[in-house]
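Colleague: Got a minute to walk me through this one? I'd like the overall picture, then a few single residues.

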Amino acid sequence: MVSYESCEKKQRLLVVANRLPVSAKRTGENSWSLAISPGGLVSGLLGVAAEFETKWVGWPGVDVYDVAGKNALSKSLAEMECIPVYLEEVFDQYYNGYCNGILWPILHHVEFPQEDHNDRNKTYQTQYDAYKKANRMFLDVIIENYEEGDFVWIHDYHLMFLPQYLKEYNKNIKVGWFLHSPFPSSEVFKTLPSRSELLRSVLAADLLGFHTYDFESHFVSTCTRILGVERTHEGIVDHGKVTRVAVFPIGIDPNRFIKACELPEVRQQMTELKERFAGKKVILGVDRLDMIKGIPHKYLGFEKFLEENPDWRDKVVLVQIAVPTRNDVPEYQKVKDQVHGLVGRVNGRFGSVSSLPIHHLDCSVDFNFLCALYAIADVMLVTSLRDGMNLVSYEFIACQETKNGVLVLSEFAGAAQSLGAGAILVNPRDVTKVSSAIKEALIMPAEERDERHRVNFQYVKIHTAKKWGDDFISELHATFSESNMKIKKIPLGLPQQDVVQRYSKSNNRLIILGFFGTLTEPMNNQNEELDVRLNPELEETLKALCNDPKTTVVVLSRSGRNILDKIFGEYNIWLAAENGMFMRDTTGEWVTNIPKNLNLDWVDDTKNVFKYFTDRTPRSFFEESETSLVWNYEYADVKFGKAQARDMFQHLWAGPISNESVDVVRGNHSVEVHAMSESKGAAIGRILGEIVHKSALTTPIDYVFCSGYFLEKVELNTI
Ligand SMILES: O=P(O)(O)OC[C@H]1O[C@H](O[C@H]2O[C@H](CO)[C@@H](O)[C@H](O)[C@H]2O)[C@H](O)[C@@H](O)[C@@H]1O
Ligand SMILES: O=c1ccn([C@@H]2O[C@H](COP(=O)(O)OP(=O)(O)O)[C@@H](O)[C@H]2O)c(=O)[nH]1
């Protein structure tokens, strides 16, 4: 844990989110009023700031086109440490189009609408372009305000290109990215046309955060399946770059709610509400009017409850605050119509002149009134079809210190993983279950309510927004320091000019090359035949090198003699097969280096295991040589291949190799079993001896070039 308080100067933190914590409204030509923006992201972030010198970068909630207006607004926002990004004409296609019309549904497992071919100005492509442009606009504002050492914490799906843009600008910027929404399974994310670019770009960050393990593991397996990258204990590894991925469940600032409930003004509102609903139990719903919040499902469940429990019809009300949101996105307009239809139906069926079962409000409410509502409610009903976290459930619990009301919570909200112990969990699509959960909540005995509330209240008190922010930034700090140390360990790129110059000046050169993956033809296409060939682009160069009297070329491979003979038969080249167990000089004569008593008893049984897994892993194959077996899943589905490799390990250790002296090596996409022998490094030593001996060298070797895949474990130290 890093302590920032001990530093004289507070650590600077740039919090970048689509929406600033305050939204602006124009009150005059050059005057603006600012109010807290709605939504859980803002609520969560408001609890974070105190430890850091925080600046907020984001969209101010309005389009401003005139310079004077922008200047005045920027000035007002600066007083609140907010820096605006004016998105102007890009906004519609970026926010309503790509963010909320395409990404939001996908992230919540909802199919996104088919592209409208009639409107050429609004296609997936134009929306995607606007998305990228908006991300660049955020970048420009960050660059203007960035100071060395700042942490940049990017939030949410609106800004998936920003990590990459920032790192391209300055790779030393510490970049974290947190997703507030769920992340879907790879099957769903795969439907997104620009899936790979988005994933790669996000992976440019140092640290990625998710609310729950489910979302995190969906993200990781999506990266594995779509990009072919792998997860290690350090994070996701892509071309040597490690991106740390971790779970950070958000919280709220509970004291803000607890204190508000003690304010005289709020107490007064509570009294009024209690009078208004005297003799009735109050069920409360607070959601943005978003299709993922499952408001129609809530109404259907409530309708069923009233249907089946006539005694309750005049003893319960459902108060639903439906906060307007994303009004310009067509799908949101449809949900609104659907919800209004249901309210009419339920109230028509079960209402009377003096009472209505559903009080549906299409508006937001101010903070104090919201706290009063939370405090007087008997039941909080959350029926999200999917939800990143759902902070409304946390806020309800914070305000229920005296009443101990019951939380009915969708099992598909992130909050179900943290508040599930004290809540009644429901599947919102199961209308019967929602109805019975409502009844269970309404009639729950006081002791059970108290116990459930106690458990959840304790959780909400401890897992605060501040803790969430501290944990994330602390991890970002640690990740960045570690990754810097690792970058130093990665060998530098080949200084090509230098290599060529030295080559030209030298008189007796030795070139040692690996074979598989070094000289072979790349196989990107999954449908290609699995036939290992020399890369045609290298043929001429390799031939020229081999025929140069001043150059000796050695190919050192784990492959067997047959393959190497087939490929290099025509070349004037030295070959070392099976990692040096066999050696061939330029005349084509193989000599063996296999120790006399080499134990090969394990081979047949191991082969059976390899066959078994090859049959069950499409596009995997195994290579067999005198002293080793290699199972390769490079061209198989990476995730499946990895899982199979794990299983294969268990099979091998449990059977054929349990008591044998063999080397088992887990390669990047392979499992290798070798007779216990010497390393490639030692083999090179021996080859060198042979070359010196056979060529009767008169001039010393003055140039050595090695290229290939060497397993760190054995090779790097020896060579
Ligand atoms: O900014 P809007 O388009 O008006 O939407 C409001 C926010 O909605 C989403 O909130 C999510 O964040 C919450 C806190 O982590 C989480 O509890 C909730 O489940 C999410 O839906 C969205 O992710 C934010 O970017 C929006 O600001
Ligand atoms: O009229 C309202 C009602 C609610 N909220 C806030 O909106 C947030 C909703 O967050 P949640 O995580 O539940 O869902 P989101 O809307 O972010 O998807 C909560 O902090 C509420 O206090 C609000 O700003 N205005």
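Modeller: Sure. Let me begin with one residue: Ser504 has 53% relative accessibility, so Ser504 counts as exposed, the cut-off being over 50%. Keep in mind that this is a predicted model.

Colleague: Okay, and which helix is Ser504 found in?

Modeller: Ser504 is part of helix α19, which covers residues 496–505.

Colleague: How far apart in space are Ser504 and Leu273?

Modeller: Their C-alpha atoms are 90 Å apart, with the two positions 231 residues apart in sequence.

Colleague: What are the dimensions of the box that the C-alpha atoms fill?

Modeller: Along the principal axes, the box is roughly 110 × 60 × 60 Å.

Colleague: And how many helices and strands does the chain have?

Modeller: The count is 25 helices and 27 strands.

Colleague: What share of the residues is buried?

Modeller: 54% of the 719 residues count as buried. For the outside, the accessible surface is about 33100 Å², and carbon and sulfur atoms make up 50% of that.

Colleague: What about contacts across the sequence, what share comes from residues 24 or more positions apart?

Modeller: Taking the contacts with a separation of 6 or more, 72% are between residues 24 or more positions apart.

Colleague: Charges next. How many positive and negative side chains are there?

Modeller: There are 79 positive and 96 negative ones, and the centres of the two sets lie 2 Å apart.

Colleague: Let's switch to helix packing. At what angle do α9 and α17 cross?

Modeller: Roughly 115 degrees, with the axes coming within 8 Å. Helix α9 is residues 254–262 and helix α17 is residues 446–462.

Colleague: Which residues meet there?

Modeller: On the α9 side you have Pro254, Asn255 and Ile258, and they meet Phe457, Val460 and Lys461 from α17. By type, the contact has four nonpolar residues, one polar and one charged.

Colleague: Now Phe305. Buried or exposed?

Modeller: Buried, because its relative accessibility is 0%. Phe305 lies in helix α11, residues 295–308.

Colleague: What does Phe305 touch?

Modeller: Leaving out residues up to four places away in sequence, Phe305 touches Trp312, Val316, Ser435, Ile438, Lys439 and Leu442. Take Ile438: it sits 133 residues from Phe305 in sequence, yet the C-alpha atoms are 7.3 Å apart.

Colleague: Nice. Any backbone oddities? What's the phi of Arg326?

Modeller: Arg326 has a positive phi of about 45 degrees, although it isn't a glycine. You'll find Arg326 in the loop between β13 (316–323) and α12 (330–350). Arg326 counts as buried because its relative accessibility is 12%.

Colleague: And Glu81, what's the phi there?

Modeller: Glu81 also isn't a glycine, and its phi is positive, about 60 degrees. The loop that holds Glu81 runs between α2 (67–78) and β5 (82–84). With a relative accessible area of 35%, Glu81 is partly exposed.

Colleague: Back to the loop between β13 and α12. Where does Thr325 lie?

Modeller: Thr325 lies in that loop, between β13 and α12. Thr325 has a relative accessible area of 10%, so it is buried.

Colleague: What is Thr325 in contact with?

Modeller: Setting aside neighbours within four places in sequence, Thr325 is in contact with Arg288, Leu289, Asp290 and Tyr332. As for Ser185, it is 140 residues from Thr325 in sequence and 26 Å away, C-alpha to C-alpha.

Colleague: Last one: where is Asp702?

Modeller: Asp702 is in the loop between α24 (680–695) and β27 (703–707). At 41% relative accessibility, Asp702 counts as partly exposed.

Colleague: And which residues is Asp702 in contact with?

Modeller: Apart from neighbours within four places in sequence, Asp702 is in contact with Ser506, Asn507, Asn508 and Arg509. Ser559, by C-alpha distance, is 29 Å from Asp702, and the two are 143 residues apart in sequence.

Colleague: Great, thanks.

How values were computed
Residues are numbered from 1 along each chain as its sequence is written. Chains are lettered from A and ligands numbered from 1 in the order in which they are written. This is a predicted model: local features need pLDDT of at least 70, side-chain atom pairs count only at pLDDT 80 or more; totals for chains, interfaces and linings use all residues. Side-chain values use heavy atoms; hydrogens and water are left out. Axes are lines fitted to C-alpha atoms, for helices over the stretch in contact, and angles run from 0 to 180 degrees between N-to-C directions. Helices (H or I, at least four residues) and strands (E, at least two) are DSSP runs, numbered from the N terminus. Contact means heavy atoms within 4.5 Å. Ala, Val, Leu, Ile, Met, Phe, Trp, Tyr, Cys and Pro count as nonpolar, Asp, Glu, Lys and Arg as charged, and the others, Gly among them, as polar. Buried means under 20% relative accessible area, exposed over 50%, partly exposed in between (1.4 Å probe, protein chains only). Accessible areas come from the Shrake-Rupley method with a 1.4 Å probe; for residues, only the protein chains shown count as cover. Lys and Arg count as positive and Asp and Glu as negative; His and the chain ends are not counted. The place of a charge is taken as NZ of Lys, CZ of Arg, CG of Asp or CD of Glu.
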